[in-house]
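These are my notebook entries on one structure, kept in the order in which I looked things up.

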Amino acid sequence: MADLIKLTAAEIAAKIAAGEITAVEVTEAHLARIEAVDEKVHAFLHVDREGALAQARAVDEKKARGEKLGPLAGVPLALKDIFTTEGMPTTVGSKILEGWLPPYDATLTKKLKAADVVILGKTNMDEFAMGSSTENSAYGPTGNPWDLTKIPGGSGGGSSAALASYEAPLAIGTDTGGSIRQPASVTGTVGVKPTYGGVSRYGMVAFSSSLDQGGPCARTVLDTALLHEVIAGHDPLDSTSIDAPVPPVVEAARNGSVAGMRVGVVKQFRGEGYQAGVLQRFDESVVLMKELGAEIVELDCPSFDLALSAYYLIAPSECSSNLARFDAMRYGLRVGDDGTKSAEDVTALTREAGFGPEVKRRIMLGTYALSSGYYDAYYGSAQKVRTLITRDFEKAFEQVDVIVSPTTPTTAFPIGERADDPMAMYLADLCTIPTNLAGNAAMSLPCGLAPEDGMPVGLQIIAPAMADDRLYKVGAAVEAAFTAKWGHPLLEEAPAL
């Protein structure tokens with residue numbers, strides 16, 4: 001059983017298809033692992049033991065009938081608790097949706113089920129995906145499996161921690177300003193933010209609709225690509241979904257190479273606030289890519305310095321609009337409905353009890369930025385900056401095939417260290433936010449441990465919109481070179497839980 005949890009998703013699927021192991025054995029092994037370690041890690045908010053075993057049995061029955069199995073059939077997955085799952089709680093890490101059972105599956109959930117991926121349960125997250133540490137969950141923080149006193153990133157820290165602690169070989173995250181890539185970076189795993197519109201948002205609880213994007217997370221580049229291929233594609237139920245073929249991500253992951261590619265290094269992605277060990281590992285990655293045959297090009301993207309400020313006007317503005325639907329009238333928590341209070345009073349009392357401090361902070365920021373007299377000064381100006389960032393990317397991609405940077409300026413910080421300092425917390429997304437504002441694709445993958453603290457460092461690769469395959473081509477080459485250099489995958493250095 002212990003050996004099963006260390007296998008990659010690709011290996012698990014191949015062994016199930018060959019009849020060497022059963023989907024039920026694999027699922028039971030991961031459920032046993034969750035039972036053994038999740039009390040310490042707190043990656044999961046809900047484990048669907050019966051549902052997972054029923055899905056696994058269905059895969060084994062399919063195999064017994066001689067039916068062809070998909071590339072991830074029988075592989076267990078941890079699903080971020082922001083996607084609706086029919087009959088399984090979806091809380092978005094908030095008290096306001098505690099115990100809510102959605103009446104339908106998100107498109108992404110349907111695609112996973114159709115591919116016979118086994119959904120183990122729902123993972124912890126910052127409330128409504130607002131945060132960079134998973135400390136903003138109404139259900140308590142998640143620990144980083146490398147050091148349980150440190151954060152696993154956010155908002156999707158539950159998904160990244162489930163991967164790093166071998167509770168699941170695959171996971172799903174969402175990325176509004178870096179919430180797939182930053183958790184991947186600090187836990188030594190792989191995470192991809194697909195091109196905006198590449199993966200359906202139907203059934204994904206909205207935070208900031210022009211930025212939110214679901215995506216795949218795993219321990220290897222190939223596993224991430226296999227999951228990407230399952231969840232991506234056009235969805236008529238999502239008006240922002242791109243009606244175009246999915247880029248050939250699996251083929252790219254199987255044929256990793258940077259030979260002859262132009263790789264851009266943006267001068268704005270370093271400087272004050274960056275940990276020395278993070279920059280050291282990043283610089284080593286750039287040297288490695290050069291050795292593998294890439295041409296390194298220095299880029300100047302001045303508008304990237306304004307990305308953080310623009311993001312923290314656009315995202316809260318959209319959040320204040322999206323979260324207005326949580327009014328205690330239709331679903332979720334309802335407080336103070338004793339027959340003596342007005343609907344407005346019940347709504348106010350419910351929001352007071354149901355929303356956490358960070359959510360309230362962003363609703364207030366956004367409502368102010370959108371208010372009469374301030375709209376042009378704040379939200380309108382932020383959208384202009386967004387256009388400048390998009391243009392800087394367009395100019396950059398005329399000169400290079402991909403851009404690389406550190407994923408996050410520091411390694412994982414101690415739980416509680418930045419809880420009372422929102423600005424310090426927001427700086428964790430310094431390198432990831434420009435990509436969300438422009439809608440491009442990006443990946444984080446491990447590039448070593450920081451010498452100061454022995455914690456994982458992430459390398460970010462950014463590609464133009466709908467060129468997601470470039471991430472996997474470069475990522476697979478870098479991963480193979482680093483694995484050869486270290487003699488084993490980086491996660492094998494993580495302390496055993």
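**Entry 1: Salt bridges**

I began with the charged side chains and found that Glu20 and Lys15 meet in a salt bridge, with N to O at 3.2 Å. I recorded that the model is a predicted one. Glu20 is exposed, at a relative accessible area of 53%, whereas Lys15 is partly exposed at 28%.

I then asked how many salt bridges the structure holds. The total is 17.

I next looked up Lys267, which forms a salt bridge with Asp300; their closest N and O atoms are 3.9 Å apart. Lys267 lies in the loop between strand S7 (262-266) and helix H10 (276-291), and Asp300 in the loop between strand S8 (295-299) and helix H11 (307-322), so the pair ties together parts that are 33 residues apart in sequence. For accessibility I noted that Lys267 is partly exposed at 44% and that Asp300 is partly exposed at 48%.

I also looked at Arg334 and Asp337, whose side chains meet in a salt bridge with N to O at 2.9 Å. I entered Arg334 as partly exposed, with a relative accessibility of 42%, and Asp337 as partly exposed at 48%. Finally, I listed Glu358, Arg361 and Arg362 as linked in a network of salt bridges.

**Entry 2: Annotated positions**

I turned to the record and asked which residues the UniProt annotation "active site" covers. According to the unreviewed UniProt entry, they are Lys80, Ser155 and Ser179. These residues span 100 residues in sequence, yet no two of their C-alpha atoms are more than 11.0 Å apart, so they gather at one spot.

I checked where Lys80 sits and placed it in strand S2 (residues 76-80). Is Lys80 buried or exposed? I found Lys80 buried, with a relative accessible area of 0%. Setting aside neighbours within four places in sequence, I listed the contacts of Lys80, among them Lys122, Thr123, Met125, Ala129, Ser155, Gly156 and Ser179.

I located Ser155 in the loop between strand S3 (118-123) and helix H6 (157-164). Ser155 is buried, with a relative accessible area of 0%. Not counting residues up to four places away in sequence, Ser155 touches Lys80 and Ser179, and its other contacts include Asn124, Asp126, Met130, Gly131 and Thr134.

**Entry 3: The sheet and its helices**

I then traced the strands and asked in what order they stand in the sheet. I found an open sheet of 11 strands with mixed pairing, in the order S1-S3-S2-S4-S6-S5-S10-S11-S9-S7-S8. Strand S1 (44-47) and S8 stand at the edges with a single partner strand each, so one side of each has no neighbour in the sheet. I recorded an average twist of 30 degrees from one strand to the next.

For one pairing in detail I chose S7 and strand S9 (residues 402-406), which run parallel and are joined by 3 bridges. Within S9, Val404 stands opposite Val265.

I closed the entry with two helices. Helix H3 (residues 23-41) lies across S1, S2 and S3, and runs at about 20 degrees to S3. H10 packs on the sheet, where it touches S7, S8, S9, strand S10 (441-449) and strand S11 (456-463). The direction of H10 makes about 150 degrees with that of S9.

Key: Residues are numbered from 1 along each chain as its sequence is written. This is a predicted model: local features need pLDDT of at least 70, side-chain atom pairs count only at pLDDT 80 or more; totals for chains, interfaces and linings use all residues. Side-chain values use heavy atoms; hydrogens and water are left out. A salt bridge is a side-chain nitrogen of Lys or Arg within 4 Å of a carboxyl oxygen of Asp or Glu. Buried means under 20% relative accessible area, exposed over 50%, partly exposed in between (1.4 Å probe, protein chains only). Helices (H or I, at least four residues) and strands (E, at least two) are DSSP runs, numbered from the N terminus. UniProt positions are given in the numbering used here, feature names are shortened, and annotations may be inferred rather than shown by experiment. Contact means heavy atoms within 4.5 Å. Two strands pair if DSSP finds at least two bridges between them. Axes are lines fitted to C-alpha atoms, for helices over the stretch in contact, and angles run from 0 to 180 degrees between N-to-C directions.
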